[in-house]
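Reader: I have the model open and would like a guided tour. Please start with the vocabulary, then take my questions one by one.

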Amino acid sequence: MNLQSLVDLATRKENATVAVAAAEDKEVLKAVSMAVERGMAEFLLFGDSEKIEKVMEESQRDLLNSTLIKIIHSPSVQHAAELAVQAVNQKKADVLMKGHVSTSVLLKAVLNKEWGLRTGNVLSHAAAFEVEGFENLIFVTDAAMNISPDLGQKAQIIQNTVSVARSIGIDRPKVAPLAAVEVINPQMQATLDAASLTVMNQRGQIKDCLVDGPLALDNAVSSIAASQKGIVSEVAGNADILLVPTIESGNILYKSLMYFAGAKVAAVISGAKAPIVLTSRSDLAESKLYSLALAICSSENR
């Protein structure tokens, strides 16, 4: 499985609809165009209709007469975010996608108590990386939402990411709770949480996956490193999901993979009533397309 095969998988899904909040963005509309060209989904484009059509005329003229898109005028980005979220809440769309709107504005709408997408679960960020030299996608979680999750939140983050991984065919994902070392150290909370998560998994409190930790990054992804340290584990060297202890470590790992390793990535927010594509405004259309594909696949697991 790589990101192109993920796009192919999403394209084979049927009847997916994506609600885009504040769609007046060149890279967002380019991603929409790439998805429409493949017949991946239908799109509800919320935002300033004049600006959306202007961007289409300048760079994505193929969308002007497409039967797979519908433009819904909104006088402000806040209103566009609210309408997009309501469309998902009312099951008129399966996926929510961020356009030219700040994350805080979109999440405020997502967390609205009356018509938002809250479920009572932790919302978390799951990123699937395609890294050169690795045959399969590797998930990193949570690098964007939860600052310093406690044990209960980490268990929910794992469950959220397992659901996403299973949606793309990883039936029993191997989860490595990361720490600086692979042994339990009472002075290092990450190692204590990792050990507790391992036991919770063994007792059925964390389902549909295999959790083993603490593991340092090298032991989680390299069977050679694990063997050299004498670690006997189904997860060590073969992790599908890397659970980071804090947002700082997750952010550093995420950006190291992108900028040092040249990795490609698809990312989604899970734990809400529907997947949320919350890419950065600086992300290129290709990355937004990959994230759309991941969201469409995981929408069937709601």
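Author: Gladly! Buried means under 20% relative accessible area, exposed over 50%, and partly exposed in between (1.4 Å probe, protein chains only). This is a predicted model, where local features need pLDDT of at least 70, side-chain atom pairs count only at pLDDT 80 or more, and totals for chains, interfaces and linings use all residues. Residues are numbered from 1 along each chain as its sequence is written, and side-chain values use heavy atoms, leaving out hydrogens and water.

Reader: Which residues cover the two faces of strand S6?

Author: Strand S6 spans residues 138-141; strands (E, at least two residues) and helices (H or I, at least four) are DSSP runs, numbered from the N terminus. Both of its faces are covered, with all four residues buried. One side carries Ile138 and Val140, and the other Phe139 and Thr141.

Reader: In which sense do S6 and strand S9 pair?

Author: Two strands pair if DSSP finds at least two bridges between them. S6 and S5 (residues 124-130) have 3 bridges in the antiparallel sense, and phenylalanine 129 stands opposite isoleucine 138 there. With S9 (residues 241-243), phenylalanine 139 of S6 stands opposite isoleucine 241. The pairing of S6 with S9, again over 3 bridges, is parallel.

Reader: What is the omega of the peptide bond that joins threonine 141 and aspartate 142?

Author: Most peptide bonds are trans. Aspartate 142 sits in the loop between S6 and H6. The bond joining threonine 141 to aspartate 142 is cis, and its omega is about 5°.

Reader: Which residue does the cis peptide bond from glycine 213 lead to?

Author: The residue in question lies in the loop between strand S8 (210-211) and helix H8 (217-221). Omega is near 10° for this cis bond, which runs from glycine 213 to proline 214.

Reader: How do H6 and H7 lie to each other, and what makes the call?

Author: The axes of H6 (residues 151-167) and H7 (residues 189-202) come within 10 Å and cross at roughly 55°; axes are lines fitted to C-alpha atoms, for helices over the stretch in contact, and angles run from 0 to 180 degrees between N-to-C directions. Angles under 35 degrees count as roughly parallel, over 145 as roughly antiparallel, 65 to 115 as roughly perpendicular and the rest as oblique. That angle therefore makes H6 to H7 oblique.

Reader: How do the residues of the contact of H6 with H7 divide?

Author: On H6, Leu151, Lys154, Ala155 and Ile158 make the contact, and on H7 the partners are Ala190, Asp193, Ser196, Leu197 and Met200 (contact means heavy atoms within 4.5 Å). Ala, Val, Leu, Ile, Met, Phe, Trp, Tyr, Cys and Pro count as nonpolar, Asp, Glu, Lys and Arg as charged, and the others, Gly among them, as polar. The split is 6 nonpolar, 1 polar and 2 charged.

Reader: Which residues in H5 do those of H4 meet?

Author: H4 (residues 77-89) and H5 pack at an angle of about 40°, with their axes 9 Å apart, so the two helices are oblique to each other. From H4 come Gln78, Ala81, Glu82 and Val85. In H5 they meet Val105, Leu106, Ala109 and Val110.

Reader: How far apart in space are glycine 116 and glutamate 82, C-alpha to C-alpha?

Author: Glycine 116 is in the loop between H5 (103-110) and S5, and is buried because its relative accessibility is 4%. Leaving aside neighbours within four places in sequence, glycine 116 is in contact with Val85, Asn89, Ala109, Val110 and Lys273. Glutamate 82 is 34 residues away in sequence, and the distance in space is 8.4 Å.

Reader: Is serine 33 buried or exposed?

Author: Serine 33 belongs to helix H2 (residues 26-37). Beyond its neighbours within four places in sequence, serine 33 is in contact with Gln60, Asp62 and Leu63. Its relative accessibility is 7%, so serine 33 counts as buried.

Reader: What is the phi of alanine 22?

Author: Most residues other than glycine have a negative phi. Alanine 22, in the loop between strand S1 (17-21) and H2, is buried because its relative accessible area is 0%. Its phi is positive, near 60°.

Reader: And what relative accessibility does aspartate 208 have?

Author: Aspartate 208 lies in the loop between H7 and S8. Although not a glycine, aspartate 208 has a positive phi of about 65°. Aspartate 208 counts as partly exposed because its relative accessibility is 44%.
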